[in-house]
Amino acid sequence: MCAALALGSITFFPTEALAQAYPTKPIRIVVPNAPGSSADIVSRLLGGKLTEALGQQVIIDNRAGAGAEIGAEIAARSVPDGHTLLTITGFANHRRSDV
């Protein structure tokens, strides 16, 4: 009897999860750099392609300052629904001069 109840519950819940559409509202890309920076340009190009592919508006939100901490904190505190993205940059070729 327990097995029958377990199987019955499995058939109800996954269909609700699969029925959710994405995106349901505009997507926001937080760029923790100034407008015109390389991260901003790449984010705007990506935003245009996402708009075409998903059919939903993509907003670029530049939040420069404090070594990118302002933008990162805004993205971290956003609702975790997948509609807020964060552009980050790194220095793959960074070399220490004291090595």
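This section describes the confidence of the predicted model and the salt bridges found in it. The mean pLDDT of the chain is 83, and 72% of the residues reach a score of at least 70. Among the elements, the lowest mean pLDDT, 52, belongs to helix α1 (residues 2–18), whereas strand β1 (residues 27–31) has the highest, 98.

A total of 5 salt bridges was counted. One of them pairs Lys25 with Asp81, with a distance of 3.1 Å between the closest N and O atoms. This contact joins distant parts of the chain, 56 residues apart: Lys25 is located in the loop between α1 and β1, and Asp81 in the loop between α3 (69–76) and β3 (84–86). Both partners are partly exposed, the relative accessible area being 37% for Lys25 and 29% for Asp81.

A further salt bridge is formed by Asp61 and Arg28, whose closest N and O atoms are likewise separated by 3.1 Å. Because Asp61 belongs to strand β2 (residues 58–62) and Arg28 to strand β1, the pair ties together parts that lie 33 residues apart in sequence. Asp61 has a relative accessible area of 14% and is therefore classed as buried, while Arg28, at 26%, is partly exposed. Asp61 and Arg28 also take part in a network of salt bridges that includes Arg63.

Arg77 and Glu73 form another salt bridge, in which the closest N and O atoms are 2.9 Å apart. Here Arg77 is exposed, with a relative accessibility of 68%, whereas Glu73 is partly exposed, with a relative accessible area of 42%.

Methods. Residues numbered from 1 in each chain as written. Predicted model: local features only at pLDDT ≥ 70, side-chain atom pairs only at ≥ 80, totals over all residues. Heavy atoms only, no water. pLDDT = per-residue confidence, 0-100. Helix = DSSP H or I, 4+ residues; strand = E, 2+ residues; numbered from the N terminus. Salt bridge = Lys/Arg side-chain N within 4 Å of Asp/Glu carboxyl O. Buried < 20%, exposed > 50% of the residue type's maximum accessible area, 1.4 Å probe, protein only.
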